[in-house]
Amino acid sequence: MRHTESIDSTEVLKQAVQLMRRHGTSMHPVHYAIWYEYARGENLDLRNAIDRYLSQHLHLDDAVAEALHKRHVVGSGTDPAMLRRMSDSVSSVLGQIADSAARAGDQTAAYGSSLSRFQDGLNGREPLPGLEEIVATTRQMHSAIQDLQRRLADSRDEIGQLRDELDRVRLETLTDMLTGLANRRAFEQRLAACVTLAASAGLHSHAPCLLMADLDHFKRINDTYGHGTGDQVLCAVAAALKAGTPEQGLAARIGGEEFVLLLPAMQLPAARMLAEQLRHAVAQLRVPARTPTGGETAIQVTLSMGLTTLQRGETGRQLIERADQALYQSKSGGRDRVTVKAG
Ligand SMILES: Nc1nc2c(ncn2[C@@H]2O[C@H](COP(=O)(O)OP(=O)(O)OP(=O)(O)O)[C@@H](O)[C@H]2O)c(=O)[nH]1
């Protein structure tokens, strides 16, 4: 399965590179991403947008490519795993070229050596007609292949950078840039995977719990200490949530001051205990800040939380809605508390 996928994506990548050459685009990773999507043919909005540009004979420069990428790749729900497959394909195609060049170099070198030995073995006798020319051509071939190998080796760094860049783009699509937690997209992907697993593997052992958490009166912090300090508070809370999330769980920031914890295969009583621990850990935080009059202070925050667990036959959306209702109850009940809604 993985093998077939990699062959398919290699083919798509080759088509993408041909398209990039034909339209004279730069070899920037973002161009790879949009032309790869174009060649794959499944992202119709992107295809139509690019076709519109081409039909008007407009050049797809880096700025246009960035805009198309943002709108139709990052913002379209495109599977970020696609970027991983593309990056693997780049390496695989270049690896194949390097292997072929190395084999051709070895064979030519071996052929050249046999010819030289044969030439040496003539010991001053009359050389065979054309032999010297064949030896010279073989040497030229060998040196051309060595040159190619050198250039491939030189570009290895660039390939590494390209891979890093693609990985960075892929990570960016799944990461909340302020706190470093997973973002909403990453959360939705994991949730979908958890719901599918629970449906296929028998609910009770695999049902995930969902904990939704929202900072209390966060606007006041922004209003009193400024947005920068508000950001520091968000980062401190994110770090506390991450530190308390079990290895198989996922902590994500899905909105301004809204976080979720997805807890696969966890029973509700254990999840409730964890929620209370996290609520306590956040309440213990002290974020240093300057008061409006220039003094020093330490900001304290609290979290309201809603906790629930997946019921048989439910969708991820239904799970989120129930967690949200539980969170709302925590807010309206006075904040700084966990409300559990079993089903
Ligand atoms: N510093 C900072 N503030 C943000 C960010 N995203 C959203 N906010 C702020 O979060 C605040 C949310 O305010 P509200 O929705 O009124 O909620 P609240 O003040 O926490 O009140 P309750 O939720 O009812 O307890 C607003 O002031 C937003 O500007 C961010 O990335 N950084």
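A residue counts as buried here if 20 or more other C-beta atoms lie within 10 Å of its own. By that yardstick, 30% of the 343 residues of the protein chain are buried in this predicted model. The chain has twelve helices and seven strands. Contacts reach a good way along the sequence: counting those with a separation of 6 or more, 67% join residues 24 or more positions apart.

Five of the strands make up an open sheet with mixed pairing, in the order 2-3-1-6-7. Strand 2 (250-253) and strand 7 (338-341) sit at the edges with a single partner strand each, so one side of each has no neighbour in the sheet. On average, and ignoring direction, neighbouring strands of this sheet are turned by 15° against each other. In general, strands of a sheet pair through backbone hydrogen bonds, and the pairing can be parallel or antiparallel. For strand 7, the pairing with strand 6 (residues 303-309) is parallel and runs over four bridges. Leu307 has Val340, in strand 7, as its bridge partner.

A helix also lies over this part of the chain. Helix 11 (residues 268-283) lies across strand 1, strand 3 (258-263), strand 6 and strand 7. Relative to strand 6, helix 11 runs at about 170°.

Now for the nonpolar residues. Leu307 turns up again in the largest nonpolar core, which has 46 residues. Together with Leu211, Ala252, Val260, Leu262 and Met305, Leu307 is among the residues with the most contacts inside that core. What is Val260 in contact with, leaving aside its neighbours within four places in sequence? The list is Phe187, Leu210, Leu211, Met212, Ala252 and Ile254. Another core, of 18 residues, lies apart from the largest one, and its members include Val12, Leu13, Val30 and Tyr32.

That leaves the ligand. There are 16 residues around the ligand, and Asp216, Phe218, Lys219, Gly230 and Gly256 come nearest. Strand 1 (209-215), helix 9 (218-225) and helix 10 (227-244) are the elements that each give two or more residues to this shell. Helix 10 supplies the largest share, with four residues. Sorted by class, the shell around the ligand holds seven charged, five polar and four nonpolar residues. Strand 1 thus shows up twice: helix 11 lies across strand 1, and strand 1 also gives residues to the shell around the ligand.

Key. Residues are numbered from 1 along each chain as its sequence is written. This is a predicted model: local features need pLDDT of at least 70, side-chain atom pairs count only at pLDDT 80 or more; totals for chains, interfaces and linings use all residues. A residue is near a molecule or strand if its C-beta atom, placed from the backbone, lies within 6 Å of it. Ala, Val, Leu, Ile, Met, Phe, Trp, Tyr, Cys and Pro count as nonpolar, Asp, Glu, Lys and Arg as charged, and the others, Gly among them, as polar. Two strands pair if DSSP finds at least two bridges between them. Axes are lines fitted to C-alpha atoms, for helices over the stretch in contact, and angles run from 0 to 180 degrees between N-to-C directions. Two residues are in contact if their C-beta atoms, placed from the backbone, lie within 7 Å. A nonpolar core is a set of buried Ala, Val, Leu, Ile, Met, Phe, Trp, Tyr and Cys residues joined through C-beta atoms within 7 Å. A residue is buried if 20 or more other C-beta atoms lie within 10 Å of its own, exposed if 12 or fewer, and partly exposed in between; C-beta atoms are placed from the backbone.
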